[in-house]
Amino acid sequence: MENITIFESPGKGRGLKANKEFWAGDVIFSEPSLAAVVFDSLAERICHSCFRRQDKLQRCGQCKFSHYCDRTCQRAGWAEHKQECAAIKNFGKAPNENIRLVARIMWRLDKEGDVVSDTQLTTLDQLEDHIEDMPEDDLKEFKVDVHNFLDYWPRNCKQHTSEIISHVFGLINCNGFTVSDQRGLQAVGVGLFPNLCLVNHDCWPNCSVILNHGKIELRSLGKIAEGEELTVSYVDFINVSEERRRLLKTQYFFDCTCHHCKERIKDDLKMGGREQDGVKPSEEHVKESTDYCYQMLDKMDQARLKGDYHEVVKICKECIEKTEPILADTHIYLLRMWSTMSEVQAYLQYFEEAAEYARKMVEGYTKLYHPNNPTLGMAAMRAGVTHWQAGLIEVGHGMICKAYAILMVTHGPTHPITKDLESMRVQTEMELRMFKQNEYVYHSMREAALKNKPMTMMHEPKSMEDGIKNLFHRRK
């Protein structure tokens, strides 16, 4: 950890700064979790050792709760699961994910002490728990968890005061980090990473965090000067500054004073009107269209949660036809409509329509996000795949190359998503050469290939609650 230093960040408390110059894509540090657990809702579908999604998992014969890929994973996870296994068996059932995570943390600290590795920069007792900042309703649930933990914690283990237990619960409440599956596409669990807890927030950060092969990596998004503070974003920049500040205050208990919030940078693009031939619509027309779009988004979400995707398409089309001439192509409500339409139309296998909406979404995102933002990279990847499915190989290859360039910075060359993108890039480059040599032959071969191998149904679109989430876990 010689490349970083803990320092007092003005107005933020402790933070981390660079001891050397970093460039885009550099790994500043990596860190394994102190402990991590699978979400309650995915306990039977995700391996509790490697966090991979598998169709068939082997259940622990003792506690009947934990699931593993095979004997190899079960043996690899036994050190963490041994005491948990007995505790679940004695308790009669598995407690919720927060209780399971706190228990794993306490067992490890009891065994190895407050510092579990040479690279650990802070102990847990030095981190803020923000218990005193919690709203009353959250505090009631918090106290129930602490009470249930004390019932679950084995009597033959080292006993701890409720103050110590409460502190650890507070830490995971505001510092828990989402653990993803092996491809990094779905949140499957939550873990605690002590060094990551020291990285402060900025709405326009100079770093991003990803999980790669079981460890988090803090990666530079661009040039970072020696002595510069290292920051990540706790919330999605797509929100306007007022909403970001509200989320940060509610979820992380601080008032954001970053430059982008204070100056409301890009808020005008996110809620603005479409300029045509130098003329903008009136503020009244923009407000009417914004309010209408907001109402339709609520209807769209309800239809989507019911799985009524044809109704989703109907609602989105009606809204887009009415508001697209008035709202800017960077308006966040319109972007949500385009994003939903591209995903649902791809699921319904209307690929040309899906591709058009995906292209508009990426063009809007490009004007709003940092050029190396991982959300932009993932959106470009999705758009590239959708264009390829529609047979639009030129745009599809361009989008996949754009996504690959971004994810090489944000995820690195060894991440499974980047490896997938590299394969897509090579394939679409080969197809593009064939297309340029003879369009007729290319489309004939493509059609024949699709007939021999029928297009399979796309994965069902996720609900809005499971859409692009920030990586910093918050219990709902």
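## The surface and overall build

The chain exposes about 23,800 Å², and carbon and sulfur atoms supply 50% of that area. Keep in mind that what you're looking at is a predicted model. Turn from the outside to the inside, and you'll find that buried residues make up 50% of the 476 residues in the chain.

How many helices and strands does the chain have? Its secondary structure comes to 16 helices and twelve strands. The chain's radius of gyration is 24 Å, close to the 23 Å that the globule rule gives for 476 residues, so the chain is as compact as a globular protein of that length. If you lay a ruler along the principal axes, the C-alpha trace spans about 70 × 55 × 45 Å.

Contacts reach across the sequence, too: take those between residues at least 6 apart, and 67% of them join residues at least 24 apart. As for charge, there are 62 positive and 70 negative charges in the chain, and their mean positions are 5 Å apart.

## The nonpolar cores

In soluble globular proteins, nonpolar side chains tend to be buried together. Here, the largest nonpolar core has 128 residues. Which of them touch the most other members? They are Ile-28, Ile-105, Phe-149, Phe-169, Leu-218 and Leu-230. Helix H11 (residues 332–347) gives the most to this core, with nine residues. Apart from this core lies another one of five residues, including Ala-346, Ala-354, Ala-355 and Ala-390.

Let's zoom in on Leu-230. Setting aside residues up to four places away in sequence, Leu-230 touches a whole list of residues, among them Ile-4, Leu-16, Ile-28, Val-199, Leu-218 and Ile-224. Lys-17 and Asn-200 are on that list as well.

## Leu-221, a buried loop residue

Leu-221 sits in the loop between strand E11 (215–220) and strand E12 (231–232). Is this loop residue buried or exposed? Leu-221 has 5% relative accessibility, so it counts as buried, the cut-off being under 20%.

Now look at who is around Leu-221. Leaving out residues up to four places away in sequence, its contacts include Ala-24, Pro-205, Cys-207, His-370, Asn-372 and Val-409. Asn-372 is a nice one to find on screen: Leu-221 and Asn-372 are 151 residues apart in sequence, yet 6.0 Å apart in space, C-alpha to C-alpha.

## Two buried helix residues

Thr-428 is part of helix H15 (residues 416–437). Thr-428 is buried, with a relative accessible area of 2%. Neighbours within four places in sequence aside, Thr-428 is in contact with Trp-388, Ile-393, His-397 and Ile-400. For Leu-305 the story is another one: Thr-428 and Leu-305 are 123 residues apart in sequence and 34 Å apart in space, C-alpha to C-alpha.

His-387 belongs to helix H13 (residues 374–389). His-387 is buried as well, at 3% relative accessible area. If you skip its neighbours within four places in sequence, His-387 is in contact with Ala-355, Arg-359, Leu-392, Val-395 and Gly-396.

## Two loop residues with positive phi

Lys-266 isn't a glycine, but its phi is positive, near 70 degrees. You'll find Lys-266 in the loop between helix H7 (259–262) and helix H8 (267–270). Lys-266 is partly exposed, with a relative accessible area of 21%.

Asp-277 also has a positive phi without being a glycine, and the value is near 55 degrees. Asp-277 lies in the loop between H8 and helix H9 (283–305). With a relative accessible area of 81%, Asp-277 is exposed.

Key: Residues numbered from 1 in each chain as written. Predicted model: local features only at pLDDT ≥ 70, side-chain atom pairs only at ≥ 80, totals over all residues. Heavy atoms only, no water. Core = buried A, V, L, I, M, F, W, Y, C linked by side-chain atoms within 4.5 Å. Buried < 20%, exposed > 50% of the residue type's maximum accessible area, 1.4 Å probe, protein only. Helix = DSSP H or I, 4+ residues; strand = E, 2+ residues; numbered from the N terminus. Contact = heavy atoms within 4.5 Å. Rg over C-alpha atoms; globule rule 2.2 N^0.38 Å. Areas by Shrake-Rupley, 256 points an atom, 1.4 Å probe, with all protein chains shown as cover. Lys, Arg positive; Asp, Glu negative; His and termini not counted. Charge placed at Lys NZ, Arg CZ, Asp CG, Glu CD.
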